[in-house]
Amino acid sequence: MATVYLPSGFAQFTGGVESVAIEAPRVAELLAALRTRFPALADQLDEMAVAIDGTIYAEPGYQPLRADSDVHLVPRIAGG
Amino acid sequence: MIPGMAAIRYEAPATVADAVNLIQADPAARILAGGTDLLVQFRAGVRQPTAFVDVKRIPDLVDIAMDAGGLRLGAAACAAAIGEQAHVRRLWPGLAEAVHLIGSTQIQGRGTVGGNVCNASPAADTTCALIVNRAMCLIAGPSGERRVPVESFVTGPGRTVLAPGELLVALWIPRPAPRTADAYLRLIPRSEMDIAVAGAAVSVTLDPAGTCTAARVAIGAVAPTALLVPAAARALVGTTLDESALRAAADAAGAAARPIDDKRGTAAYRRTVVGVLTRRAAKIAAARAENRR
Amino acid sequence: MKLHINTTINGEPAEFLCDGHETLVSALRNTLGLTGTKEGCSTGDCGACSVLLDGRLVPSCLVLAPEAHGRSITTIEGIASGDTLHPLQRVFLEDAALQCGVCTPGFIIAAKALLDANPNPTEAQARFWLAGNLCRCTGYDKIIRAVLDTAATMNEAAAV
Amino acid sequence: MSERTFEVVGTRPVRHDGVDKVTGRAAYGADANWPGMLHGALLRSPHAHARIVSIDTRAAAAAPGVKAVLIGADLPDTHATISLGEAAMDVRDMSHNLMARDKVVYHGQPVAAVAATTLDAAREALGRIVVQYEVLTPVLTVDEALAPGAPLLHDDLVTKGAAVGPKTGTNLAGRYEFKRGDVAAGFQEADTIVEREFRTATVHQGYIEPHACIARCGEDGRAVVWCSTQGPFVVRDATAAIAGLDAAHVKVIPSEIGGGFGGKIVVYLEPIAVALSRKAQRPVKMVMSRDEVFRATGPTSGTKVHVRIGARRDGTIVAARVSLWYEAGAFRGSPVGAGAMCALAPYTIPNFFIDAHDVVVNKPKVAAYRAPGSPMAMFAVESVIDEIARELKMDPIDLRLKNAAAEGDQAAYGPKFGPIGLRAVLDAAKRHPHWSAPVGPNQGRGFALGFWFNGGMNSAATITLGADGSAAVFTGNPDIGGTRAAQAMMVAEELGVDVDRVRPTVADTDTAGYTDVTGGSRVCFATGMAVIQAAQEVREELKRRAAKMWNVAPEQVTWERGRVLPPAGAKDAKSGADAQPLTVAQIAARMTHTGGPIVGRAALYAPMAGPGFGAHICDLEVDPETGRSRVVRYTALQDVGKAVHPSYVEGQIQGGAAQGIGWALNEEYVYNRDGVMENAGFLDYRMPVASDLPFIDTVIVEVPNPLHPYGVRGVGEVPIVPPLGAVANAMRSATGIRFTELPLSPPRVLEQIAGVDARREGRPGTVAVGA
């Protein structure tokens, strides 16, 4: 199961949950599961980038996950 | 013809008389020397002349001439041309420094000492140096010529004694007395390209024993016009320009300053720094005078 | 009424029509098609529009086009001779002294004026001479090196 | 990867676009003139905050030479969004930013546009437009904007993210939190705690080329736009959305670009030019003045950053508390999120809490500026770290080494670091002769770190071979800093052809595969990766063609540096002679007979390239009587992964350092109380000039990035981050005073120096004037 770490400010949308283990083959399925579990989080997820095992994807889409992947939701970064 | 816009004439008279006639006939015509202030103001909509009267084709206005009595700088001689004169650098190093501080190399290829004085900015770099060197403005107009000391020429920001139909033809700078030298310093945040936040020019005359027998101090960017500061000069005359004399001159300069807060610096900052610059300029001028046997 | 101006540009006679208040940089770029001269500020503060007017370095945004009458102008388009780049152009390329390149024509014109006046400038002299040319990409490091390298190259060539 | 040896990568060829740039032939935004074109000009708001009561354009429309007049009501209202990374911008905001509707929210915001036969006529017509305003009070700082009862910029603004108070009726556009561990407990463990509040001024990217474009829109609604931009596809999509066209009908041709630094990603002129052209049915050219660039294009945020850091006596940092408030300008979207993520990035800190606030104020909407958000946050943190080093009497580099993150550590912003060059950079700095050189009188030395993520995103590349074996490579990234040369070098590296025989081209939006902006330090990394993959595809095709000529299976042939080698015993199918190795040119010459043109293409979505760290050492000399300072020596060290063209890597580092020095010493937007910028020109917005700077010594550190085939990491943004802290720390060394507000302009410095003298000599309020 991949472990998802949420930004601390999002605790208000998750009832205080800061990390959660989710069984998902790819980021798309993982985010869908998060939305189902924490409906209040849905709006916030659209603006987040996803770090999978240390590599940040601004548009993570269908990136595959390993069984033990660490997934961090981080704000998107704009470069200059 | 530009749709919707009155054409602005360009005139290039060949003589002073023609230039006087042009600006007398059209009070909204503007004298164009280097254009480094005028064209910027025009573009910004600050000035809306009906004609540009380019005086750079009048030999009297661009010539630089030296004789036994002193130096005649055509009002439209560009800063770079003045800086190229070895005798100017030798006799008036402070004035040469001030001329060299006008803008960039490019600006110096255009900007003129006459324009610098006529633009009447409180921060003009050359004005203080001209004042301490007792420079005179040579003015031509409908009723003939007249002479005005530089310190009396500028009457306020952007204002001069020039009457309608008059133009500045040249600056006359008398040859300095023996053992006399000048210096000009300004404070800008960068090393180049800024307008002076404060400036100070000093001229001193020393006797063979090293006592100051005459001095002139002028400060810029700390009042509506550049100021001749007799009190600062008095603090120097009769001394050997020791630390306490320099400090007294600095205090006098600071006391004479009537600065304002603006985007370039605060009043308090200007008042402090103009004293520092006065002290340092006096020291440099003294060292130069000392070396003039 | 437009003014009819006869002038010399890069060694060739040229003529054009302009308004009394038009700037030289506008006439060069928009009327004569010499867009190598750039306009970065229109107030004489960036140096991108540098040209030589009768051999003297000036900001062409602060020169009126009619002032060119009877004068001689050198722009970046007239720096190379035939198919040979000017040494400054060559060394700027070799030393990677440009990035976006928009300030480059002004720098090369200004540096040419420097080397014409002072074939052997010190670093400080080069920096102060070029203080009126803004570059936001390079930190000036490679530009100053290129100017000093060019001076050395030209002096060497002259000595041979 | 580290064993790979390169033939071309790492060399310094003359850039392909170079000759055009040194001869003046290169065509930038304002260099295009189209037959029959009109000139567009904008009427801008004279107020920083006001309601528009009415606009009457009748007299302008009737003015001589005027062919079209445009106001906000002529543009469609849209709620599309365009992804620009963090600041995914609402097209509605972008549209209102370039043409106000019912309200103006900053001084200089456009309210109407005119196209006329001459620029003079267009400007004259602007003067005939009558706008009635109901003037409102502007808010100019985060403190004013967040004060109770502050005037609101947008009645409909809702706070995004982790708001703590009410989410409406506020100027707080967003709030974000990051935390780890137990901060209160962490500070309990600390032997020393340093706490300071820092401010930085609004500063501009300062590209030398003003924004410029020319556009035409025909009767069929199809538009062509030539413009200076970092992102042609952003221009296409934003122009279509704002002007109300189908993006399928908009073609954007990127000109050469005279600097951007992030400021030429969003659009300002292009949709207006297209809309004017559609009305007038003639091409419309628009070029900003420098004054307009300063007043109405994106600067970056003025900021307030509060930092509290605690450390043990041995230097171990145990806790940190950081609060950031960034001005977004008039519409939401400051880079405060990135600032929060960068603030503590170099350090492993067990307990921290960061909150970040995006605040709207009546200033121009900020745009990306080189490592957006990082310099201000790291200025604050690196200043406090410097103070801790002083309190603990530790060498500043040793203190940082003690806490430096390494591979496998969890970054403060979340994920674990891969291979990073932070320690290598710190070690190189410690060894550098600059660090141990003596410091002169009135001088001080400062050290600071910088961090940036380095971007990835979408890139595409196409390579076509000529029959002569030369290669043309097309990508969609405008080349600001030498990326064409780098891409040509990559093709040369992969195909073994001379770099001089590769022709790199920046293609328009109808020609290039979709490509994200030139920005985020991503081009050499992501687009470079696409170029390498496309070249590898060409290589595979060359092998297939050679195999055909020898009548062997493709897998039987081998590639060896620019040649395809036959298997033993193979014969040339035409001559029957023993097969000889074939060069790229030899195979290309026969392409007509072996299957037609040889083309390679690649398209990819790259993750963020990988963290980049830099360290700068600055020596500053201060005039104690005037507060004026100058940089007398400067060294910049950076991990770049792999330097493809080292000269342009050095150039990026030197240029970034110079911009950061300007930010630290003299650059700032000066506003009056009415929200009018007072220094909107290069005369008084004081960017560094050549005589302000010494040579900037660079040290390239190469810790390869595993995400790129050559190890490229991205270069351009990191170097603007350390200078703010390095300069301020040098000022601290030179004067003994911790400055917490930038820029360190002479009056600000003298005020503090004088204050110290006053305390010491018991002369409050006076200024010491020494000999």
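In the predicted model, the association of chain D with chain B buries about 2500 Å² between the two chains, and carbon and sulfur atoms account for 56% of this area. The contact involves 31 residues of chain D and 24 residues of chain B. Charged pairing contributes to this interface, with 6 salt bridges counted between chain D and chain B. One of these joins the side chains of Arg280(B) and Glu625(D), with an N to O distance of 2.6 Å. In addition, 14 residue pairs in polar contact are found across the interface of chain D and chain B, both residues of each pair being at pLDDT 80 or more. On the side of chain D that touches chain B, helix H4 (119-126) and helix H21 (746-761) of chain D each provide at least two residues. The residues on that side of chain D comprise 14 nonpolar, 8 polar and 9 charged.

Chain D also contains an open sheet of 3 strands, arranged in the order E6-E2-E8 with antiparallel pairing. Strand E6 (103-104) and strand E8 (130-135) of chain D form the edges, each pairing on one side only. Strand E2 (residues 50-56) of chain D is connected to the antiparallel strand E8(D) by 6 bridges. Within this pairing, Ile52(D) has Tyr133(D) of E8(D) as its bridge partner.

Chain C is divided into two parts, domain 1 (3-78) and domain 2 (87-159), whose C-alpha centres are separated by 22 Å. Each domain of chain C places residues in the contact, 13 from domain 1 and 13 from domain 2. The area buried between domain 1 and domain 2 of chain C amounts to about 980 Å², with 70% contributed by carbon and sulfur atoms. On the domain 1 side of chain C, the residues that lose the most area to domain 2 are Leu52(C), Leu57(C) and Ile76(C), which together make up 44% of what that side buries.

Across the interface of domain 1 and domain 2 of chain C, 0 salt bridges are found, whereas the count of residue pairs in polar contact is 3, with both residues at pLDDT 80 or more. Strand E3 (residues 50-53) of chain C gives the most to the side of domain 1 that touches domain 2, supplying 3 residues. By class, this side of domain 1 of chain C consists of 6 nonpolar, 5 polar and 2 charged residues.

How values were computed
Residues numbered from 1 in each chain as written. Chains lettered and ligands numbered in written order. Heavy atoms only, no water. Contact = heavy atoms within 4.5 Å. Buried area = accessible area lost by both parts, 1.4 Å probe. Salt bridge = Lys/Arg side-chain N within 4 Å of Asp/Glu carboxyl O. Polar contact = N/O pair within 3.5 Å; in protein donor to acceptor, adjacent residues only side chain to side chain. Helix = DSSP H or I, 4+ residues; strand = E, 2+ residues; numbered from the N terminus. Nonpolar A, V, L, I, M, F, W, Y, C, P; charged D, E, K, R; others polar. Pairing = 2+ DSSP bridges. Domains from an automatic or database assignment.
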